[in-house]
Amino acid sequence: MLKEITSGQYFPVESVLHRMDPRFKIIETLLFIFLLFAGNSFWVIALGAAFVLLAQRLSNIPMKMIWKSVKPILPFLAITALLNLLFITDGEVLFSWKFLKITEDGISTSIFMMLRIVLLIIGSSLLTYTTSPILLTDAIESLLSPLRRVKFPVHEMAMMMSIALRFIPTLLEETDKIMSAQKARGATLDNGKLTDRAKALIPILIPLFVSAFRRAEELATAMECRCYRGGDGRTRLRTLKAAPRDYIGFAVCLLFVAASVALNILLQS
């Protein structure tokens, strides 16, 4: 199950989105998030879905990979939908039993929130699918560079974020190996009461933390052996340069955001 989680992974294929400047991709991802939260109508969701579909076509990422980024959050989506369904009692009542009421507004809100979260996950995943950790680090550092004037550790922050994204798949793989080893020794991780399942996590979490600290120490040693001393005087193998496709993509993203804001204003008037 854990092997199906693809968060933070880079999917190397040839595409327009892969060749785009990572700085523009980060800004466009933030604009996409703003687009999703700019209104509370299904027209906004439709615009977000159109934007995601366009990005998926330009990225050449298979739908199977995108589905893997959504699949792990399905239980949380179900819980969110159920809570909205039960606690939103405004609107026409469609079903009533004792103190439980299912209303038209509750169903509409549940579906809307589920679609919004799914699109949010897909849009964010496309950023990491199409951008290598090194380029992502350089882009974050470049975007945060004005904060250097107030002595903010821009390079260190960008490096930490990049390392965190890079090691998500590694830690998930390590967790899967530890769970398989515990099951081979007769441990029951999926059965029993909730308290029993919580206790069964201890033999998993302790080796996982030990492994994480060991990997962190090995990484620190490797960086010291390569004479890493932070961002001062550091040069890059690839210099980030914007191309016409980056400005075109940014303009298209702005059009989607403007359409979302305009729709929200029209629907409220």
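This short talk walks through the fold, the cores, the hairpin and a few single residues of one protein chain.

Before anything else, please keep in mind that this is a predicted model, in which local features need pLDDT of at least 70, side-chain atom pairs count only at pLDDT 80 or more, and totals for chains, interfaces and linings use all residues. Residues are numbered from 1 along each chain as its sequence is written, and side-chain values use heavy atoms, with hydrogens and water left out.

Let me begin with the overall layout. The protein has 11 helices and two strands, where helices (H or I, at least four residues) and strands (E, at least two) are DSSP runs, numbered from the N terminus. Following the sequence, the order of elements is α-α-α-α-α-β-β-α-α-α-α-α-α, and the C-alpha trace spans about 70 × 60 × 40 Å along its principal axes. Of the 269 residues, 35% count as buried, and by that I mean under 20% relative accessible area, with exposed over 50% and partly exposed in between, for a 1.4 Å probe and protein chains only. If we take the contacts (heavy atoms within 4.5 Å) with a separation of 6 or more, residues 24 or more positions apart account for 74% of them.

Turning to the interior, the largest nonpolar core holds 26 residues, and those with the most contacts inside it are Phe32, Leu35, Ile61, Leu119, Ile122 and Leu126. A nonpolar core here is a set of buried Ala, Val, Leu, Ile, Met, Phe, Trp, Tyr and Cys residues joined through side-chain atoms within 4.5 Å. The elements that give two or more residues to this core are helix 2 (22–36), helix 3 (42–59), helix 4 (63–70), helix 6 (104–129) and helix 11 (244–268), and the largest share, six residues, comes from helix 3.

What does Ile61 contact, once its neighbours within four places in sequence are left aside? The partners of Ile61 are Phe11, Val13, His18, Gln56, Ile66, Leu126, Tyr129 and Thr130. There is also a second, separate core of eight residues, and Leu135, Leu136, Ala158 and Leu240 are among them.

Next, the hairpin. Strand 1 (residues 93–97) and strand 2 (residues 100–103) run antiparallel and are joined by four bridges, and for reference two strands pair if DSSP finds at least two bridges between them. Trp97 has Leu100, in strand 2, as its bridge partner, while Lys98, in a hairpin that has two residues between the strands, takes a positive phi near 55°.

Two further residues with positive phi deserve a look on the screen. Asn60 is not a glycine, yet has a positive phi of about 60°; Asn60 lies in the loop between helix 3 and helix 4, and counts as partly exposed at 43% relative accessibility. Lys151, again not a glycine, has a positive phi of about 65°, and its place is in the loop between helix 7 (133–143) and helix 8 (154–184). Is Lys151 buried or exposed? Lys151 is exposed, with a relative accessible area of 75%.

Finally, Ile27 in helix 2 is partly exposed, with a relative accessible area of 32%. Not counting residues up to four places away in sequence, Ile27 touches Leu143 and Phe250, whereas Ile27 and Leu266, 239 residues apart in sequence, are 26 Å apart in space, C-alpha to C-alpha.
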